[in-house]
Amino acid sequence: MYIYIKQKDMTLKPINILSIFIFFIAVNKPIYAQNKTEKQSMMNSELIQPPYLKAGDTVAIVAPSGILKNREREIQQAVDLLKSWNLHPIVGEHVFSKADHFAGTDAERCEDLQNAMDDPKVSAIWCARGGYGTVRILEKLDYSQFKKHPKWLIGYSDITALHNQLHNAGIESLHALMCVSLTKDLSEVKSSIETFKSTLFGNPENYNLKTSPYNREGEASGQLVGGNLTILHTMLGSKESIDTSGKILFIEEIGEYKYHIDRMLQSLKRAGYFDNLNGLIVGDMSKMRKNTTPWGTSIEQLILDALDGYDFPIAFNMPAGHEKENKALILGREINLKVEKTGSTISYKK
């Protein structure tokens, strides 16, 4: 079937209606949350590695998220710990500010973080705590100076939002303990501190994980991405959502119902988050809440069931997340993942 279009010379030109329909479909393709576009090719390239620290370097302590009420001891411990490593700690002006749920207003928290990002004398930024609030300042941050003088951004939990933003900016970051993770007796978090320090000073550790009957065997390599599952889920559809194609995803969580975990995994799956994933590392799933209607399986089996149909290796028992043993992971760095019956290994590519 044809329609006729009058041309400039007043002649009629026949146009096939089917051609118009095909053209319309082509230019109106649906846009999915995990859009595989130009960002994919950019993000599969090697990320910028901030310089490792050396004696005399400056570390800024900032609080981009929750309020630090009665947490002076932990901040002082963090300052003392950095000094014991011959580093120079500075504490953000608004770290102990209070604005309802947050460590100061959005503007104050952003100001401290932006000042640390822009200061060429600062070599690392250590987040005091997580909680909630980082997402409220993402749009206010300017990375123009940070890219000229990249530095390590350190934290976990709510700080996953910043890890995502840094990854999409093409810069590595450090998933590791925060200031409030420090206990009165530091021997309780000894391994967390040791892997944090060794990574900061240029000796990142490879890990041998305990075996799990839920492990899915296999080998994979790719950039390590991820963090807190809730934050990864809430980033869907935003500029901070990560394209996981060809990468290895790490997840951890705290204080959720099992059905919440399943719902988030199902949402990520429907958005294509796992379609081209190379591997999955599961960290701590801490303090799972009990629903009045039991889920019926372990959290490990829940994860396997949600990811049924994919063939990438899955490694459980990574000691990272909301427990005292929270080993450091370089996000954005190329790793090798090997999952076997006897256990799993995570090693950084040379």
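Me: Which residues line the largest cavity?
Reply: In this predicted model, the lining is made up of His-163, Asn-164, His-167, Ser-173, Leu-224, Val-225, Gly-226, Ile-242 and Leu-331.

Me: What makes those count as lining residues of the largest cavity?
Reply: A lining residue needs an atom within 4 Å of a cavity point. His-163 and the others named line the largest cavity, so each of them has such an atom.

Me: How many of the lining residues of the largest cavity are nonpolar, polar or charged?
Reply: Four are nonpolar, five are polar and none is charged. Gly counts as polar here, so Gly-226 goes with the polar ones.

Me: Which helix and which strand each supply at least two residues of that lining?
Reply: Those are helix 6 (160-168) and strand 9 (218-228).

Me: What lines the second largest cavity?
Reply: That one holds about 30 Å³ of space, and its lining is Leu-113, Met-117, Tyr-143, Phe-146, Leu-153, Leu-162 and Leu-166. Helix 4 (106-118) and helix 6 each give at least two of these residues.

Me: Why is Tyr-143 put with the nonpolar residues in that lining?
Reply: Leu, Met, Phe and Tyr all count as nonpolar in this scheme. The tally is therefore seven nonpolar, no polar and no charged.

Me: Why is Glu-74 called buried?
Reply: Buried means under 20% relative accessible area. Glu-74, found in helix 3 (residues 72-84), has 7% relative accessibility, so it counts as buried.

Me: What is Glu-74 in contact with, leaving aside its neighbours within four places in sequence?
Reply: Glu-74 is then in contact with Cys-179, Val-180 and Leu-182.

Notes. Residues are numbered from 1 along each chain as its sequence is written. This is a predicted model: local features need pLDDT of at least 70, side-chain atom pairs count only at pLDDT 80 or more; totals for chains, interfaces and linings use all residues. Side-chain values use heavy atoms; hydrogens and water are left out. On a 1 Å grid over the protein atoms alone, a cavity is a set of points where a 1.4 Å probe fits but cannot get out, and a pocket is an open set with protein on both sides within 12 Å along at least five of seven lines; lining residues have an atom within 4 Å of a point. Helices (H or I, at least four residues) and strands (E, at least two) are DSSP runs, numbered from the N terminus. Grid points are joined across faces, edges and corners, and a volume is the space filled by probe spheres set on the points. Buried means under 20% relative accessible area, exposed over 50%, partly exposed in between (1.4 Å probe, protein chains only). Contact means heavy atoms within 4.5 Å.
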